[in-house]
Amino acid sequence: MEKVKQQIVVKDLGVIAYQAAWDYQEQLLKENVQLKSHAANQSPKPTTNYLLFCEHPPVYTIGKSGHMENLLISEKELQEQGIGFVPTNRGGDITFHGPGQVVGYPIMDLENFFTDIGKYLRFLEEVIIRTLADYGVIGDRSKGETGVWLDPHDQEKARKICAMGVRCSRWVTMHGFALNVNTLMDYFNNIIACGIADKKVASLDKELGREVSMEEVKARLSKHFGEVFEAEMV
């Protein structure tokens with residue numbers, strides 16, 4: 001008998017403040033965790049998997065294992081440039097979110113799929129790699145470094161095009177990935193992105209020499225997400 005596919009609800013939140021998106025993720029995660037707690041005592045109720053897409057106004061965020069010295073400008077300069085700063089509960093170091101970047105937040109109950117965070121991160125990377133391939137761009141992994149890179153094995157050319165950082169509670173995930181599509185690279189000059197000083201950052205539009213449709217990228221990401229996780233995107 002063919003296994004019933006899990007469903008993943010896709011929601012596009014548009015342009016939303018980082019904190020507002022974080023609060024919404026926490027709400028969805030909490031709802032799923034409560035369903036799982038309920039299931040432990042009574043008849044199980046199915047959890048809901050989500051993939052949230054959004055775009056943030058300019059903000060730097062830093063993970064639990066991050067180092068403040070990787071932020072290269074002062075609080076005053078942040079205010080003058082209109083850039084937010086938010087310490088978060090995800091993994092990873094400092095990164096930038098802003099206009100022209102597709103941010104994806106999967107709120108998924110991994111017990112519906114597999115209980116392996118390392119595998120989950122590799123699956124997220126695979127979604128990005130397949131999406132980049134649609135544009136003729138070869139995305140790759142860099143050993144020991146989460147995310148998706150271009151030319152990671154060439155010290156001179158290595159550049160990161162997609163940062164990732166996740167959190168998991170009772171096997172329910174939150175936070176996710178940030179893919180640079182039409183992102184203004186100047187913002188990255190103010191940080192040591194992901195705490196990696198010797199590698200640059202990249203954006204899809206710079207690689208292709210043209211602006212890229214954000215809606216098209218989200219559609220492709222959603223398609224590949226369904227393929228990689230063997231799920232129905234609804």
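## Exercises on helix 3 and its aromatic rings

In this predicted model, helix 3 is followed by Gly 136, a residue with a positive phi, near 75°. Let us work from here.

**Exercise 1.** Find how the span of helix 3 compares with the expected one.

*Solution.* Start with the limits: helix 3 covers residues 117-134, which makes 18 residues. Next, take the distance from its first C-alpha to its last, 26 Å. At 1.5 Å a residue, the expected span is 26 Å, and the helix comes close to that.

**Exercise 2.** Find which residue caps the N-terminal end of helix 3, and which residues of the helix are buried.

*Solution.* Look at Asp 116: one of its side-chain oxygens lies 3.0 Å from the backbone nitrogen of Gly 118, and Asp 116 caps this end. Then move along the helix, where the buried residues include Tyr 120, Leu 124, Ile 128 and Leu 132.

**Exercise 3.** Tyr 120 also belongs to an aromatic cluster; name its partners there.

*Solution.* The cluster joins Tyr 120 with Phe 113, Phe 114, Phe 123, Phe 225 and Phe 229. Now check the face of Phe 114: Lys 119 lies over it, 4.5 Å from the ring centre.

**Exercise 4.** The structure holds 10 aromatic pairs. Describe the one formed by Phe 96 and Tyr 187.

*Solution.* The centres are 4.5 Å apart and the planes differ by 15°. Planes under 30 degrees apart count as stacked, so this pair is stacked. Phe 96 lies in strand 5 and Tyr 187 in the loop between strand 10 and strand 11, so the pair ties together parts 91 residues apart in sequence. Finally, Phe 96 counts as buried because its relative accessibility is 0%.

Definitions and conventions. Residues numbered from 1 in each chain as written. Predicted model: local features only at pLDDT ≥ 70, side-chain atom pairs only at ≥ 80, totals over all residues. Heavy atoms only, no water. Phe/Tyr/Trp six-rings, centres within 6.5 Å; stacked < 30°, edge-to-face > 60°. Helix = DSSP H or I, 4+ residues; strand = E, 2+ residues; numbered from the N terminus. Buried < 20%, exposed > 50% of the residue type's maximum accessible area, 1.4 Å probe, protein only. Lys NZ or Arg CZ within 6 Å of the ring centre and 35° of its normal. Expected span 1.5 Å × (residues − 1). Polar contact = N/O pair within 3.5 Å; in protein donor to acceptor, adjacent residues only side chain to side chain.
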